Amino acid sequence: MKPIISGIQQVGIGVTDADAAFAWYRKIFGTDIVVFKDAATATYMRQYTGNEEHRRIAILAMNLQGGGGFEIWQYTSRMPVGPARPILPGDCGIFSVKIKCRDVLIAHEIYRQQGIKLLSTPSCNPGGVQHFYLEDPFGNIFEIVRDENWFSLNGHITGGVCGITIGVKSIEKSLHFYKTILGYDKIVYAAEGIFDDWKSLQGGQYACKRVLLGRTEKQSGAFSKLLGPTQVELVQVTDRKPEQIYENRYWGDLGFIHVCYDIYGMENHEQLCLQSGYPLTVNSCTSFDMGKAAGHFTYNEDPDGTLIEYVETHKVPIFKRMGLYLNLKKRKPGRPLPDWMVRCLSFSRVKN
């Protein structure tokens with residue numbers, strides 16, 4: 001059976017204070033649903049954490065309007081390390097995270113009034129879609145992009161994660177990975193040069209290739225309607241040597257540490273990755289508890305070492321105070337959960 005990828009479940013973000021980061025993302029991006037908050041030891045990630053096991057706090061926060069969430073990740077056994085130099089478009093790794101937005105112009109004005117660090121004014125990307133960039137207080141860059149796909153509406157101007165921008169050394173080589181392993185078989189746009197929408201970004205003066213990828217196959221899976229369609233933008237700089245964003249640093253250090261995909265059929269996915277030349281590098285092998293949630297998780301790397309996580313969700317809390325959980329192992333593969341059941345996640349909403 002072909003593995004089912006439902007969408008981007010979350011993007012991991014390494015921070016120094018998980019509670020402070022959650023409060024900011026909740027206020028600015030509306031990610032106010034706490035799926036889990038867990039304190040434990042990252043046992044399986046030794047090869048990416050200096051061959052030592054480190055303790056951490058992790059919070060998975062979602063926006064019920066739709067899109068992926070944030071896994072806010074904080075070391076508690078060491079001080080996390082920031083990048084040695086500013087991260088520029090095309091550096092190898094996750095440069096920015098795409099956040100879906102109903103109205104880009106209104107969002108820009110709201111954020112201006114709130115004193116958010118805005119990196120650009122609203123403009124169109126090479127595909128003609130409105131967007132702009134901002135920086136959070138922790139040095140991470142987000143792209144606010146017009147999106148028409150919503151699970152529900154709660155009044156917030158933005159939803160969750162609808163894609164990422166990744167720096168690569170070779171777009172041609174990377175296309176094989178993102179098409180074969182993640183199903184991004186559609187080229188939304190492909191352009192080369194110096195781009196007007198990046199002129200105000202640090203490093204935006206360099207020439208590069210940009211390819212935006214989407215999927216032609218309709219999404220399926222338990223949370224596919226909530227997570228929604230996603231896109232990956234590959235960037236290859238052509239007139240400078242790209243840096244490795246996580247060079248001499250650990251997974252979990254400051255910044256975007258991974259992108260995680262919600263998946264069903266982990267054993268078949270493992271075979272696909274192995275046969276395609278991108279074997280799994282981390283495998284929890286069985287269900288792994290994350291506080292009130294549980295699942296089977298694995299990792300591998302894209303051709304330039306960017307970490308890609310896959311989670312087959314087994315258990316999700318619906319109403320924590322009453323001990324109600326959703327057991328996904330008993331459901332038919334590929335069938336989306338009823339909308340009312342997904343909306344039960346609102347019982348985990350953190351309010352003002």
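What follows is a walk through this structure, from its cores and helices to its empty spaces and a few single residues. Keep in mind that the model is predicted, and that each value below is computed from it.

Let's start inside. The largest nonpolar core is made of 54 residues. If you want to find its hubs, pick out Phe-29, Tyr-111, Phe-142, Tyr-178, Leu-182, Tyr-261 and Tyr-310, which have the most contacts inside this core. Helix α1, running over residues 18-29, gives seven residues to the core, the largest share. There is also another core, lying apart from that one, with 32 residues. Ile-33, Phe-36, Val-282 and Leu-326 are among its members.

Now for the helices, where burial has a clear sidedness. Take α3, which spans residues 171-180 and has Ile-171, Ser-174, Phe-177 and Tyr-178 as its buried residues. Look down the helix axis and these buried residues sit within an arc of 120°, so they line one face of α3. Over on the other side of α3 you'll find Glu-172, Lys-173 and Lys-179, which are exposed. One name here should ring a bell: Tyr-178, buried in α3, is also one of the residues with the most contacts inside the largest core.

Helix α5, residues 266-275, can be read in a similar way. Its buried residues are Met-266, His-269 and Cys-273. Viewed along the axis of α5, they fall within an arc of 55°, so they too line one face of their helix. Turned away from that buried side, the opposite face carries Glu-267, Leu-274 and Gln-275, which are exposed. So what follows α5? It is Gly-277, with a positive phi near 90°.

Next, strand β9, which is home to Glu-143. Is this glutamate buried or exposed? Its relative accessible area is just 1%, and because buried means under 20%, Glu-143 counts as buried. Its side chain has polar company, though. One polar contact, of 2.7 Å, joins it to the side chain of Lys-98, and another, also listed at 2.7 Å, links the Glu-143 side chain to that of His-131. For a sense of the backbone around this spot, the C-alpha atoms of Glu-143 and Leu-119 are 9.6 Å apart, with their positions 24 residues apart along the chain.

On to the empty space. Rolling a probe the size of a water molecule over the atoms shows where such space is left. The largest pocket holds about 490 Å³. Its lining takes in 26 residues, and the ones closest to the pocket centre are Asp-147, Asn-149, Pro-229, Thr-230 and Gln-231. Which strands supply at least two residues each to this lining? They are β1 (4-15), β9 (141-146), β11 (186-193) and β12 (208-214). So β9, the strand that holds Glu-143, also contributes to the pocket wall. The lining is chemically mixed, with ten nonpolar, eight polar and eight charged residues.

Closed-off space turns up as well: there are two cavities of 30 Å³ or more. The second largest of them contains about 30 Å³. Around it you'll find Pro-89, Trp-198, Gly-203, Gly-204, Tyr-206, Cys-208 and Val-237. By class, that lining has five nonpolar residues, two polar ones and no charged ones.

Last, a few loop residues. Most residues other than glycine have a negative phi. Against that background, two asparagines deserve a look. Asn-51 has a positive phi, near 60°, and sits in the loop between β2 (33-41) and β3 (55-62). With a relative accessible area of 54%, Asn-51 is exposed. Asn-248 also has a positive phi near 60°, this time in the loop between β13 (231-237) and β14 (255-264). Asn-248 is exposed too, at 75% relative accessibility.

The final stop is Cys-285, in the loop that connects β15 (282-283) and β16 (288-290). Where does its relative accessible area put it, buried or exposed? The value is 61%, and since exposed means over 50%, Cys-285 is exposed. Its C-alpha atom is separated by 38 Å from that of His-156, and the two residues are 129 residues apart along the chain.

Technical notes: Residues are numbered from 1 along each chain as its sequence is written. This is a predicted model: local features need pLDDT of at least 70, side-chain atom pairs count only at pLDDT 80 or more; totals for chains, interfaces and linings use all residues. Side-chain values use heavy atoms; hydrogens and water are left out. On a 1 Å grid over the protein atoms alone, a cavity is a set of points where a 1.4 Å probe fits but cannot get out, and a pocket is an open set with protein on both sides within 12 Å along at least five of seven lines; lining residues have an atom within 4 Å of a point. Grid points are joined across faces, edges and corners, and a volume is the space filled by probe spheres set on the points. Ala, Val, Leu, Ile, Met, Phe, Trp, Tyr, Cys and Pro count as nonpolar, Asp, Glu, Lys and Arg as charged, and the others, Gly among them, as polar. Helices (H or I, at least four residues) and strands (E, at least two) are DSSP runs, numbered from the N terminus. Buried means under 20% relative accessible area, exposed over 50%, partly exposed in between (1.4 Å probe, protein chains only). The arc is that of the directions from the helix axis to the C-beta atoms. A nonpolar core is a set of buried Ala, Val, Leu, Ile, Met, Phe, Trp, Tyr and Cys residues joined through side-chain atoms within 4.5 Å. A polar contact is a pair of N or O atoms within 3.5 Å; within protein, one must be able to donate a hydrogen and the other to accept it, and residues adjacent in sequence count only if both atoms are side-chain atoms.
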